[in-house]
Amino acid sequence: MKTWAKFGVGCLVVLLAVCIISAVAAIFAGKQIKGWINSATGGASDMAANIKVMDQLNKDYPFTAPESGDVDDARLQAYIAVATGVKVAMAPYEGWIKTHESQHDKGDWKDVKKALTMSAELVAAMRKGLEEQKMSSKEFHWMKQAMRSASRESGGEGATDAQRQMVESSVKVLEEQLNEPHATPESRAQIQEQIDKLKATLSEAGGPVSPNRGLYLKYEKELRACDLEEFGNVNVQ
């Protein structure tokens with residue numbers, strides 16, 4: 001099942017899987033039993049129910065990536081809304097995750113319950129956001145990867161005033177050397193090559209960008225604010 005939250009908390013992952021399998025069965029149990037399971041496992045029964053709903057959302061809002069690979073502006077805004085909700089739900093656990101993500105052979109039941117509670121809140125936030133935005137988890141993760149790729153593309157930012165002044169100053173010095181009467185043809189060619197490279201850095205900084213790169217730059221502040229990378233190995237799939 002892809003709709004899940006992965007945590008790098010060592011052997012706790014195995015225990016979490018066992019708890020979740022039990023919780024799935026508990027969906028069909030009575031309220032009293034489900035209440036006990038939720039209390040004992042940090043909300044695993046509710047999490048299993050939310051996972052089931054998100055699987056249905058993939059059917060209700062089927063998504064096929066466009067052949068162009070271009071992200072739609074309105075849908076990116078919807079993605080940001082969902083991701084922001086998930087990040088808000090995860091924020092209280094940031095310190096706990098960083099402390100436990102490298103523990104491969106440690107952890108007791110309290111840690112497992114904590115991880116399950118965290119997972120349940122994360123999945124609940126994910127379900128809420130996807131339902132509100134009429135979005136499948138497949139579309140959400142496709143856009144996440146598309147924006148991650150766009151963030152690594154070059155161009156579009158434009159050179160800062162300080163960068164531009166530094167380049168223009170260097171070019172001026174080189175042009176003076178280029179016009180010196182004693183300069184040889186070979187040295188002039190080398191100097192001209194340096195000038196061309198410096199000028200190219202300015203044009204590349206503000207050069208043409210892909211549609212996804214343009215969207216990333218448009219919403220860069222929002223995308224950085226809702227990025228979950230700072231939570232280490234947490235990954236909602």
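# Reading helix contacts and loops

Me: I can see Arg75, Leu76, Tyr79, Val82 and Ala83 in α4 meeting Glu139, Phe140, Met143, Lys144 and Met147 in α7. At what angle do α4 and α7 pack?

Reply: Before we start, keep in mind that this is a predicted model. The general idea is that a pair of packed helices is described by the angle between the axes and the distance between them. Here, α4 and α7 pack at about 100 degrees, and their axes are 10 Å apart. An angle from 65 to 115 degrees counts as roughly perpendicular, so that is the word for α4 and α7.

Me: And by class, which residues does that contact of α4 with α7 have?

Reply: Sort them and you get seven nonpolar and three charged residues, with no polar ones.

Me: Okay, let me look at α4 alone. How many residues does α4 have, and what does it reach from its first C-alpha to its last?

Reply: A handy check is to compare a helix's end-to-end reach with the expected one. α4 runs over residues 73–90. It has 18 residues and reaches 26 Å, close to the 26 Å expected at 1.5 Å a residue. You can try the check again on α7, residues 137–151: its 15 residues reach 21 Å, close to the expected 21 Å.

Me: Which residue caps the N-terminal end of α4?

Reply: That's Asp72. Look for one of its side-chain oxygens, 3.1 Å from the backbone nitrogen of Ala74.

Me: Which residues in α4 are buried?

Reply: The general idea first: an α-helix has 3.6 residues a turn, so residues three or four places apart point the same way. Now the case here: the buried residues of α4 are Leu76, Ala78, Tyr79, Ile80, Val82, Ala83, Val86, Lys87, Ala89 and Met90. Among them, Leu76, Tyr79, Val82 and Ala83 also turn up in the contact with α7.

Me: What about Thr84, buried or partly exposed?

Reply: Residues from 20% to 50% relative accessible area fall in the middle class. Thr84 has 35%, so call it partly exposed. Its side chain has a polar atom 2.7 Å from the backbone oxygen of Ile80. Thr84 also shows how sequence and space can part ways: Ala225 is 141 residues away in sequence, yet the two C-alphas are 7.6 Å apart.

Me: Back to α7. Which helix packs with α7 at about 90 degrees?

Reply: That's α10, residues 211–218, and the axes of α7 and α10 are 9 Å apart. So α7 is roughly perpendicular to α10. On the α7 side you'll find Ala146, Met147, Ala150 and Ser151, and they meet Asn212, Arg213 and Tyr216 of α10. This contact divides into four nonpolar residues, two polar and one charged. Met147 is worth clicking on: it meets α10 here, and it is also in the contact of α4 with α7. Met147 is buried, as are Ala146 and Ala150.

Me: Now the loops. Where is Val71 found, and is it buried or exposed?

Reply: Val71 is found in the loop between α3 and α4. The cut-off for buried is under 20%, and Val71 is at 8%, so it counts as buried. Setting aside neighbours within four places in sequence, Val71 is in contact with Leu76, Trp142, Met143, Ala146, Met147, Asn212 and Leu215. Asn212 is 141 residues from Val71 in sequence, with the C-alphas 6.1 Å apart.

Me: And what about the loop between α9 and α10: which residue has its place there?

Reply: Val209 is one to look at. At 34% relative accessibility, Val209 counts as partly exposed. Its C-alpha is 8.3 Å from that of Glu153, 56 residues apart in sequence.

Me: Which residue in the loop between α6 and α7 should I find?

Reply: Try Lys134. Its phi is near 50 degrees, a positive value in a residue other than glycine.

Me: Zooming out, how many helices and strands does the protein chain have?

Reply: Eleven helices and two strands. Along the sequence, the pattern opens with a strand, runs through the helices and closes with a strand. Of the 237 residues, 37% count as buried. And those long sequence gaps we kept meeting? Among contacts between residues at least 6 apart in sequence, 84% join residues at least 24 apart.

Definitions and conventions:
Residues numbered from 1 in each chain as written. Predicted model: local features only at pLDDT ≥ 70, side-chain atom pairs only at ≥ 80, totals over all residues. Heavy atoms only, no water. Helix = DSSP H or I, 4+ residues; strand = E, 2+ residues; numbered from the N terminus. Buried < 20%, exposed > 50% of the residue type's maximum accessible area, 1.4 Å probe, protein only. Polar contact = N/O pair within 3.5 Å; in protein donor to acceptor, adjacent residues only side chain to side chain. Expected span 1.5 Å × (residues − 1). Axes fitted to C-alpha atoms, helices over the stretch in contact; angles between N-to-C directions. Parallel < 35°, antiparallel > 145°, perpendicular 65-115°, else oblique. Contact = heavy atoms within 4.5 Å. Nonpolar A, V, L, I, M, F, W, Y, C, P; charged D, E, K, R; others polar.
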